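Dear colleague,

I am handing over the structure below, and my notes on what was found in it follow directly after. Please read the two side by side.

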Amino acid sequence: MGTGPRTLFEKIWDEHVVAEEPGAPAVLAVDLHLVHEVTSPQAFTGLRQRGLRVRRPERTVATADHSVPTHSRSLPILDQMAANQVGQLTANCGEFGIPLHGLGSPNQGIVHVIGPELGLTQPGMTIVCGDSHTSTHGAFGALAFGIGTSEVEMVLATQCLLQRRPLTYEVRVDGRVSPGVSAKDIILALIARIGVSGGNGHVFEYTGEAIGALTMEQRLTICNMSIEAGGRAGLIAPDDTTFEYLHGRRHAPQGGAWDEALARWRLLPTDPGARYDRTVTIDASQLEPMVTYGTNPGMGIPISGRIPDPETATDPGQRRALAHALEYMDLRPGEPILGRKVDVVFIGSCTNGRISDLRQAASVLRDRRVADGVRVMVVPGSEEVKKQADREGLGEIFRAAGAEWREAGCSMCIAMNGDQLTPGQYAISTSNRNFEGRQGKGGRSFLASPLTAAASALTGVVTDPRTLPGIDVPSVMGVG
Amino acid sequence: MAEPFQTFTSRMIPLPAENVDTDQIVPARYLKVTDKDGLAEALFHDWRFAEDGRTKDPPFVLDRPEMADRRILLAGDNFGSGSSREHAPWALVAWGIRAILSTGFADIFRSNALKNGLLPITVEPGRHRQLFELSSADPNAELTVELDSQVVHLPGDEDLPFEVDPFAKVMLLAGTDELGYLLGRLADIDAWDASHPARIDTRLGTPA
Ligand code: SF4
């Protein structure tokens, strides 16, 4: 295979190609298969119908996250269909010998939060899951992407997948972000720039000074939303930040195996002179906090910006899309986004539900009260995040501020579990999708960073965290 | 497993919306099913039904009586973005859709569609605009979709050639699936496994 300089993506791809017949896609080996309750039941049914076993249960792991309630864990799941789905996951994992971090387990959580947390996600791996935000795991320099349920069945049966080789797309983020601007703002700015289909057919690699300076959790936030720009996957070259994060985690290699792994991982970064099919450059120092105003994640503006006018769109399709979005959101062209009323604040999800996100939110909410009439939900990404937050006293800060401090799960990111907006309500959310009805039928979502969401919780309107009196933003950014 | 894909003729369902995401195709609350049945009802649910559960007035395009037997969806740019839910193509197929025309498709949606006998056809922007013009000038215009020769026949002897992944085409025409192909490669997979040490053991530290 490739003898010339290769990209990070090409190195992982080449190593995992099992076979490639002329005219057929590559047979690609999968190192880690993550399973959750929503996209797997029909795959297990398929296995049973064909009389197949799970080929590699020890490379497969499951959790329940999408449809689980986030109220007290001591109550049963009241939604019969959700209860049945979670029950089926438990039964399927039992029957096929798949380890399950189910409801009540100390390691239960959003699938893309627990993978990194347990050290399952490692550089150089191929990782798949029946979930589009599998791109998250690329932050470790793994090739990680979402698949459909037919493919879940294929991976369960063969630990392989049929894939056409995607193209590569370098996203170079130069410079450093200014105080109050976070990883979430970088990725929202990218999606606003290239659009929701800009990355179709491509795998992103994020490079540049700003990316190298990010913590592991911030990198996860960036890679998480690759799919919102159409990218199948998003990768970041592993470096000392990656290795430090991994070292000592449950599934990370230990002892001599660690040193061997480290030697292997250090060869992964893109070689000098390797070429990408496309490149885009973003200047991090020019970025402001970002907020979306529309009904897809590409409809984002700097927080000091104004709602765009559909009439100024050159493409008729774009004009139609924008006009439709503004109608759904009940917003008018030219209005500022700052100061728009919000009814609900949602802090959580696989984008921003990790401990450092909660620390940022807590640093804004500490010793303050959320605005009257605003519902603020803080939902940890995993049980482990919840425990850690409680150890640090963050849960108490949220409660004292008047926010709900809930149990781990996807919650209002997807609104399958009863946590949802009512028609017409506005939310500011740290999650990743502002599609119509995504957070509840008829609900309207502004996507933003944890800092921006927490600042807005205090005022009840979209608020720039950099302008809140008494909050020292640089010190906030110094937190974890 | 899907039926073999056969040449068919149908009028179009025009849906001039861009970036239709899979949350619109099947809202998340319908993902609690554990089989593939009943999803036709969920298709575009929140665009079709009002708060009180009644069909919207005027009805969404799918619910107009003359659309009932149509099998070609003419959609706006970039169809199927967002979630990987295969429930989206399951619901479209359950409704009776067999082909979608757009200027582009999100990767996972395209892949899922092809595994369910649903043909995503990418049309360049100029032809795409013409198709919308055709569908408003003559709502009863009939199109014939021929996968074998990769052509959509338009009224008046006009042909619209399209690209399709050659492997997916073989699978669609035969009505077979990729798992069968993969199972046929087990010897290769065993050989790869033997030369590549496992990276992890997910059972570590979990109760058996
Ligand atoms: S938190 Fe949201 S985006 Fe992430 S896995 Fe759950 S539902 Fe999907």
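**Notes on the model**

F44(B) counts as buried because its relative accessibility is 1%, where buried means under 20% relative accessible area, exposed over 50% and partly exposed in between, with a 1.4 Å probe and protein chains only. Although F44(B) is not a glycine, its phi is positive, at about 50 degrees, and its place is in the loop between α2 (39-42) and α3 of chain B; helices here are DSSP runs of H or I with at least four residues, strands are runs of E with at least two, and both are numbered from the N terminus.

This is a predicted model, in which local features need pLDDT of at least 70 and side-chain atom pairs count only at pLDDT 80 or more, while totals for chains, interfaces and linings use all residues. Residues are numbered from 1 along each chain as its sequence is written, chains are lettered from A and ligands numbered from 1 in the order in which they are written, and side-chain values use heavy atoms, with hydrogens and water left out.

A positive phi of about 50 degrees is also found at N19(B), again not a glycine, in the loop between β1 (8-15) and α1 (22-25) of chain B. N19(B) counts as buried because its relative accessibility is 18%. The peptide bond from D57(B) to P58(B) is cis, with omega near 0 degrees, and P58(B) has its place in the loop between α3 (45-48) and β2 (72-75) of chain B. As background, most residues other than glycine have a negative phi, and most peptide bonds are trans.

The largest nonpolar core (buried Ala, Val, Leu, Ile, Met, Phe, Trp, Tyr and Cys residues joined through side-chain atoms within 4.5 Å) has 93 residues, and those with the most contacts inside it are V27(A), L143(A) and Y206(A). Helix α6 (residues 183-194) of chain A supplies the largest share of this core, 8 residues. A second, separate core of 85 residues includes F44(B), together with W90(B), I337(A) and I347(A).

Turning to the ligand, the residues that surround it (a heavy atom within 4 Å) include H66(A), H112(A), D131(A), C350(A), C410(A) and R438(A). This shell divides into 5 nonpolar, 5 polar and 2 charged residues, with Ala, Val, Leu, Ile, Met, Phe, Trp, Tyr, Cys and Pro counted as nonpolar, Asp, Glu, Lys and Arg as charged, and the others, Gly among them, as polar.

Best regards
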